[in-house]
Amino acid sequence: MNAFVFPGQGAQFVGMGKDLYEKHPIAKQFFEKANDILGFRITDIMFNGTDEELKQTKVTQPAMFLHSVVSALCLGSDFQPAMVAGHSLGELSALTAARCLSFEDGLKLVAARAKAMQKACEAQPGTMAAIIALADEKVEEVCAEVRKETGKVVVPANYNCPGQLVISGEVGAIEVACQKLKEAGAKRALVLPVGGAFHSPLMQPAKDELEAAIATTEFHKPICPVYQNVDGKPHTDPEEIKANLIAQLTASVLWTKEVNNMVADGATDFTECGPGKTLQGMIAKICKGNADVKAHGVND
């Protein structure tokens, strides 16, 4: 069974999508449509901008969405998903590729999400850190300890794969947690170069804004089940999908659970639609020892 997966922020690079734009008329059409919808030429930044310009949340998120959805569109009749999923922002790409959202509505929601998150980051500074080679339970325990000691926000945010959990919260609390997690045996506790505390309670203002945008957007029944971050389970009911999408901004991304559930439900071939190989690496670790499961990019 074919599963298509869509990455979140972090895999972007200058030059992304240029090959698609030049090779595929359909890609050019959708990229130009995106320039019109967004009100600025995002293609100029994607193809020829600077790393600094591309790193802005309001640019990164639409850029990742565009590259991912257009990659799927360029597959034409080869895009036959039995199921789809996306990591964080990638969930909106997955919903659009699975026709739960129109391209226009998907892009508008991504732009609204990016702006709302940017505002929340400016109102309440925060950060994230990757914790390597420590049991999830230990990370959860240390985060709870630090919350109790400091009264500040620090929570598990992304359960990416065994031995890789990203935590999120206020800067001071993240620093304390990183120190404690290293003492507890983490191989690395690395503060990430991100603009805020994504997937934590600090994103509540962004969640409220996104909820208002989602309320006025039409969601359709997708062409296949969409596995969602908040519970790792498959969904096809538009109302459930909307509720989960709103909850996602302040909830943990249960990516390991999601992939395990997809495999349990028959997925053997994972195609990553978007730049880079981030999800392929995670899937290889989650499915280590399972020779039946393969993960590759759209052109592999």
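# A chat about strands, cores and rings

Tutor: Let's begin with two strands. Strand β3 (residues 127-132) is joined to β5 by 6 bridges, and the two run antiparallel. Keep in mind that this is a predicted model.

Student: Which residue in β5 is the bridge partner of Ile132?

Tutor: Gln164 is the partner of Ile132.

Student: And how does β4 pair with β5?

Tutor: In the antiparallel sense. Strand β4 (residues 154-161) and β5 share 6 bridges. One example is Val154, whose bridge partner in β5 is Gly169.

Student: How many residues sit between β4 and β5 in the hairpin?

Tutor: The hairpin has 2 residues between its strands. Gly163 is in the turn, with a positive phi of about 85°.

Student: Is β5 mostly covered or mostly open?

Tutor: Mostly covered. In strand β5 (residues 164-169), 5 of the 6 residues are buried.

Student: New topic. Which residues touch the most other members of the largest nonpolar core?

Tutor: Phe6, Phe31, Met46 and Val84 do, in a core of 63 residues. Helix α7 (residues 103-123) gives the most to this core, with 9 residues.

Student: What is Met46 in contact with, leaving aside its neighbours within four places in sequence?

Tutor: Its contacts are Phe13, Val14, Gly15, Met16, Phe31, Leu54, Ala63 and Leu66.

Student: What does the second core include?

Tutor: The second core is separate and has 19 residues. Ala3, Val5, Ala267 and Met282 are among them.

Student: How many aromatic pairs are there in the whole structure?

Tutor: The search finds 6 aromatic pairs. Tyr21 and Phe47 make an edge-to-face pair, 5.3 Å centre to centre with 65° between the planes.

Student: Why does that pair tie together separate parts?

Tutor: Because Tyr21 lies in helix α1 (residues 18-23) and Phe47 in helix α3 (residues 42-48), parts that are 26 residues apart in sequence. Tyr21 is buried, at 17% relative accessible area. Phe47 counts as buried too, at 11%.

Student: What about Phe65 and Phe103?

Tutor: That pair is tilted, with 6.1 Å between centres and 35° between planes. Phe65 is in helix α5 (residues 57-73) and Phe103 is in helix α7, so the pair links parts of the chain that are 38 residues apart. Phe65 is buried at 0% relative accessible area, and Phe103 is buried at 7%.

Student: Which residues do ring pairs link into a cluster?

Tutor: Tyr21, Phe31 and Phe47. Phe31 also appeared above, among the core residues that touch the most other members.

Student: Now cysteines. How many disulfides are found?

Tutor: The count is 0 across the whole structure.

Student: Why is Cys161 not bonded to Cys287?

Tutor: Because the sulfur of Cys161 is 11 Å from the one in Cys287, the closest cysteine sulfur, and that is too far for a bond. Cys161 counts as buried, at 3% relative accessibility.

Student: And Cys178? How far is the nearest cysteine sulfur?

Tutor: It is 9.1 Å away, in Cys143, and Cys178 is in no disulfide. Cys178 is buried, with a relative accessible area of 5%.

Student: Last one. Where is Gln228, and is it buried or exposed?

Tutor: Gln228 is in the loop between β7 (226-227) and β8 (234-235). Gln228 is buried, with a relative accessible area of 0%.

Student: What does the side chain of Gln228 make a polar contact with?

Tutor: The side chain of Asn244, at 2.9 Å. Leaving aside neighbours within four places in sequence, Gln228 has other contacts, including Glu91, His235, Ile241 and Glu258.

Technical notes: Residues are numbered from 1 along each chain as its sequence is written. This is a predicted model: local features need pLDDT of at least 70, side-chain atom pairs count only at pLDDT 80 or more; totals for chains, interfaces and linings use all residues. Side-chain values use heavy atoms; hydrogens and water are left out. A nonpolar core is a set of buried Ala, Val, Leu, Ile, Met, Phe, Trp, Tyr and Cys residues joined through side-chain atoms within 4.5 Å. Buried means under 20% relative accessible area, exposed over 50%, partly exposed in between (1.4 Å probe, protein chains only). Helices (H or I, at least four residues) and strands (E, at least two) are DSSP runs, numbered from the N terminus. Contact means heavy atoms within 4.5 Å. A disulfide is a pair of cysteine sulfur atoms within 2.5 Å. Rings of Phe, Tyr and Trp (its six-membered ring) pair if their centres lie within 6.5 Å; planes under 30 degrees apart count as stacked, over 60 as edge-to-face and the rest as tilted. A polar contact is a pair of N or O atoms within 3.5 Å; within protein, one must be able to donate a hydrogen and the other to accept it, and residues adjacent in sequence count only if both atoms are side-chain atoms. Two strands pair if DSSP finds at least two bridges between them.
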